[in-house]
Amino acid sequence: MPDEKTFPLARAELIALFMESMLFGAFTVLYAIAAWILLYREKLRGRSRTNRMLFATSTVMWVLSVAHLAIDVVRAVQGFVVWGARQADGAEAFYNIVSDPTEVAKDVVYITMTLVADSFVSYRLWVVWNRVWWVLIVPVLLLIATAIAGYGACVEVGLTKAGDAIFAGNLKPWIESFFALSLTTNLFATLLIAARIMWSNRRVRRYRPKGVPVAGSHWEVIETMIQSAAIYSAALISLLGTYLANSNAQYVCLDTIQPLIGIVFTLIIIRVGLGYTVNDSVSGGGNVSGHGDSGRGVPAVQLQSAVNGVDTNAYPLQPVAINVSVSRTYDRASFEGFGYDRKDAPMSSDVESGTAASL
């Protein structure tokens, strides 16, 4: 059992509510910026289907975060105001009721948020790997197992008897499995994405003309992916560690992860949308595939866009037409005076079309 004297449950829940509120405010600001990038800023280039999907995903995450925070506020009012007015340790007694409907609803929202994030990570992996289906086998199996463990834990929480804490023996296998599977899914997908980008970068180096500097944008993409995965993975490891230690600090970690998932997601959109990871690819240009239509090569811009969830057509390299025409005027009388025949007269040419027209 957790040590209630050093870190009481009511105190942990109050700190968790404060931390979640702070991170939710940051997530709301980032969500507004991401929405502006995906919808307003892309009007000139045209809204793509991927941009709309990104906006829908971030909106779902924001709505789930609102729901989670609202449930936590309702629980705080119920515990500290309603139950606290009845007895001295009313808040402690309320939060110890694991099977309370608000606790179950809160857990369902968190599980759904995690599955949305893990699903998009798997989608990003599929796009980076040139949309080959076999690369999704392991992530999809992990995703299904995560859903079973997560919603199974919610069912067990609802069936928990009064007096049993979240660390009860019937809950631990479900909860520990859920945290471990979600962490594995993110690490596995991130490693495969980074490996694919590095492999593609080597192919780009092979087919780049001599003397042309190699763009370093691929390493910026890898850095962005690793940083995003590191933030979420560190939070999950902290949550799993505190839960295994039977510490009430796991409530703080659990509530902060909810908006943190949305923060990591929108930060990637913002970083790409503001051009921090596409400048080198655009300036380097090129659709380098290496083997024609074999599908094995991945263009630099496509990799850059796919990793961050932005459609390749959202930032197209538009062709620039250069029309060159040459006009020449000849004096026919002068040619005849010097014995030139009409057929011997020079011909005006159209450089652009490559055809010649006789005078």
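On the surface of this predicted model, eight side chains come together as a nonpolar patch: Trp 134, Ile 137, Val 138, Val 140, Leu 141, Ile 144, Ile 148 and Trp 174. Between them they offer about 790 Å² of accessible area. Helix 5, which runs over residues 137-159, is the top contributor here, with six residues in the patch. Trp 134 sits just outside that helix, in the loop between helix 4 (101-128) and helix 5. Its relative accessibility is 55%, and since anything over 50% is called exposed, Trp 134 counts as exposed.

Another tryptophan, Trp 36, belongs to helix 1 (residues 9-40). Trp 36 reaches 39% relative accessibility, so it counts as partly exposed. Trp 36 and Phe 55 are 19 residues apart along the chain, and 9.6 Å separates their C-alpha atoms.

What about the inside? In soluble globular proteins, nonpolar side chains tend to be buried together. Here, the largest nonpolar core holds 57 residues, and Tyr 110, Ile 166, Leu 171, Phe 179 and Ile 257 have the most contacts within it. Helices 1 to 8 each put in at least two residues, and helix 8 gives the most, with 10. Phe 179 shows how such packing looks up close: setting aside neighbours within four places in sequence, Phe 179 is in contact with Tyr 110, Leu 236, Leu 239, Leu 240 and Tyr 243. There is also a second, separate core, made up of 12 residues, with Val 121, Leu 125, Val 135 and Ala 189 among them.

Key. Residues are numbered from 1 along each chain as its sequence is written. This is a predicted model: local features need pLDDT of at least 70, side-chain atom pairs count only at pLDDT 80 or more; totals for chains, interfaces and linings use all residues. Side-chain values use heavy atoms; hydrogens and water are left out. Patches are made of residues with over 30% relative accessible area and no salt bridge: like charges are joined within 9 Å, nonpolar side chains (Val, Leu, Ile, Met, Phe, Trp, Tyr) within 5 Å. Accessible areas come from the Shrake-Rupley method with a 1.4 Å probe; for residues, only the protein chains shown count as cover. A salt bridge is a side-chain nitrogen of Lys or Arg within 4 Å of a carboxyl oxygen of Asp or Glu. Helices (H or I, at least four residues) and strands (E, at least two) are DSSP runs, numbered from the N terminus. Buried means under 20% relative accessible area, exposed over 50%, partly exposed in between (1.4 Å probe, protein chains only). A nonpolar core is a set of buried Ala, Val, Leu, Ile, Met, Phe, Trp, Tyr and Cys residues joined through side-chain atoms within 4.5 Å. Contact means heavy atoms within 4.5 Å.
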